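Visitor: Could you zoom in on one spot in this model for me, a charged side chain tucked away somewhere, and then work outwards from there? I'd like to see what surrounds it and how that ties in with the rest of the fold.

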Amino acid sequence: MSTTKKIAGAVLAAALGVTTLSACGGGDAKDKTAGTSDAPKSKTVTLVSHDSFNVTDAVLKEFEQQSGYTVKVLKSGDAGAALNQEILTKGSPRGDVFFGVDNTLLSRALDNGIFTPYEAKGLADVKPEYVLDKEHRVTPIDSGDICVNYDKAYFADKKIAPPQTLDDLTKPEYKNLLVVENAATSSPGLGFMLASVGKYGEEGWKDYWSKLKANGVEVVDGWEQAYNERFSGSAGGKKAKGDRPLVVSYASSPPVEVLYGEPQPAEAPTGVATGTCFRQIEFAGLLKGAKNEEGGKALVDFLISKKFQEDMPLQMFVNPVTKDAALPELFTKHGVVVEKPENVTPEAIAKNREQWVKAWTALVVK
């Protein structure tokens, strides 16, 4: 999960001719815990997260100085794997706060009762549409939109308008142009499948995928292969001679292409089809049985503070969820605003995810 935060590392790696899924940015919080082994337990607060959590040194240090707590970050693989470990250790958690459960996994986390309710200070500043748990077992931290990206140069050369909606992707002019990730093995792949469920409903989403298959959609295992090998518009795809000018990625991909472009382009080489998007929301929660509950509460408060929310976009390439957090110029100049992403409730996802993925696999892959 949370592949959106791995884009920067993968784009930079492609430019250097190596492969990585590590997030890039100003500072890696995993390495900023020197001295925690000597700190009293009451002064150490442990954040369990997926591998893509990142924060700059100065922002984290300011929190530690102001709060008196030393932050230890325990990175635990992708979000699904990290969540599984917390479910298995329910009541005796490995840390105090868990960050990284998103709306596709939220009901599973809540049903397993791994969180202690806590209404964070500053929650009133969070946009209400992101507050999905009224019991405050989890607090919204960031959002990101899974969307089809397109290669601007390809469509300009062919004098074809790029697609903008899910319906567009089934049209003849886009035949054999789209590559998507496997919904059973990839976070963006699952999100794109859920976009079709949100758009066409239980009765129509499978028919939509039948049309996409007939129109030559290509399915690969994960985002790295789709974006950095098959997609013609990315830095990695150009090096790999990718021939698919449409790919499922993120609304934040174009700013990343600009940031790591060599030389840095004046305009993003890729665009976003804003009518194809599914919104991911990530949450943090105070773990039940936390050894440092007060420190955990302070850490959750910090994650929705203006300081962290404004640092986050260029560290994890996601959007803030608070009303007053300003986006960096890179996002405002080269990013897009997705006004109406498709959504599926966490309850519906929890109830149907397994059968939807099985049906998708039988229809599209086999």
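Guide: Here is a walk that begins at one aspartate and moves out through its surroundings to other parts of the chain.

Keep in mind that this is a predicted model. For orientation, the protein has 13 helices and 10 strands, and 57% of its 366 residues count as buried. Among contacts with a separation of 6 or more, 77% are between residues 24 or more positions apart.

The spot I'd pick is Asp96. You'll find Asp96 in the loop between helix 3 (79-88) and strand 3 (97-102). Asp96 is buried, yet has no salt bridge. Where is the nearest side chain of opposite charge to Asp96? That is Lys291, 8.0 Å away, while a salt bridge would need a side-chain nitrogen within 4 Å of a carboxyl oxygen. What the Asp96 side chain does have is a polar atom 2.8 Å from the backbone nitrogen of Thr46.

Now look at who else is around. Setting aside neighbours within four places in sequence, the residues in contact with Asp96 include Thr44, Val45 and Thr46. Further along the chain, the contacts of Asp96 also include Gly285, Leu286 and Leu287, and strand 9 spans residues 270-287. Ala290, Lys291, Asn292 and Gly296 are on the contact list of Asp96 as well.

Gly296 takes us into helix 10 (residues 293-303), which is mostly covered, with nine of its 11 residues buried. Gly296 is one of those buried residues, and Lys297 and Asp301 are among the others. The buried set in helix 10 also includes Leu299, Val300, Phe302 and Leu303.

Go back to strand 9 and follow it to Cys277. A search of the whole structure finds one disulfide, and that disulfide joins Cys147 to Cys277, with the sulfurs 2.1 Å apart. Cys147 sits in strand 5 (residues 139-151) and Cys277 in strand 9 (residues 270-287), so the bond ties together parts that are 130 residues apart in sequence. The torsion about the S-S bond is about 115°, so the disulfide is right-handed. Cys147 counts as buried because its relative accessibility is 0%, and Cys277 counts as buried because its value is 1%.

For another look at covered strands, try strand 6 (residues 178-181). Leu178 and Val180 point one way from strand 6, Val179 and Glu181 point the other way, and all are buried. Strand 6 pairs in the parallel sense with strand 8 (residues 246-250) over two bridges, and Leu178 stands opposite Leu246 there. Strand 6 also pairs in the parallel sense with strand 7 (residues 218-220), over three bridges, with Val179 opposite Glu218.

One last stop is Trp356, in helix 13 (residues 346-365). Trp356 is buried because its relative accessible area is 4%, under the 20% cut-off. Trp356 and Met193 are 163 residues apart along the chain, but their C-alpha atoms are separated by 8.7 Å. Leaving out residues up to four places away, Trp356 touches Met193, Leu194, Val197, Glu202 and Trp205, along with Val344, Ala348 and Ile349.

Technical notes
Residues are numbered from 1 along each chain as its sequence is written. This is a predicted model: local features need pLDDT of at least 70, side-chain atom pairs count only at pLDDT 80 or more; totals for chains, interfaces and linings use all residues. Side-chain values use heavy atoms; hydrogens and water are left out. A disulfide is a pair of cysteine sulfur atoms within 2.5 Å. Helices (H or I, at least four residues) and strands (E, at least two) are DSSP runs, numbered from the N terminus. Buried means under 20% relative accessible area, exposed over 50%, partly exposed in between (1.4 Å probe, protein chains only). Lys and Arg count as positive and Asp and Glu as negative; His and the chain ends are not counted. A polar contact is a pair of N or O atoms within 3.5 Å; within protein, one must be able to donate a hydrogen and the other to accept it, and residues adjacent in sequence count only if both atoms are side-chain atoms. Contact means heavy atoms within 4.5 Å. Two strands pair if DSSP finds at least two bridges between them.
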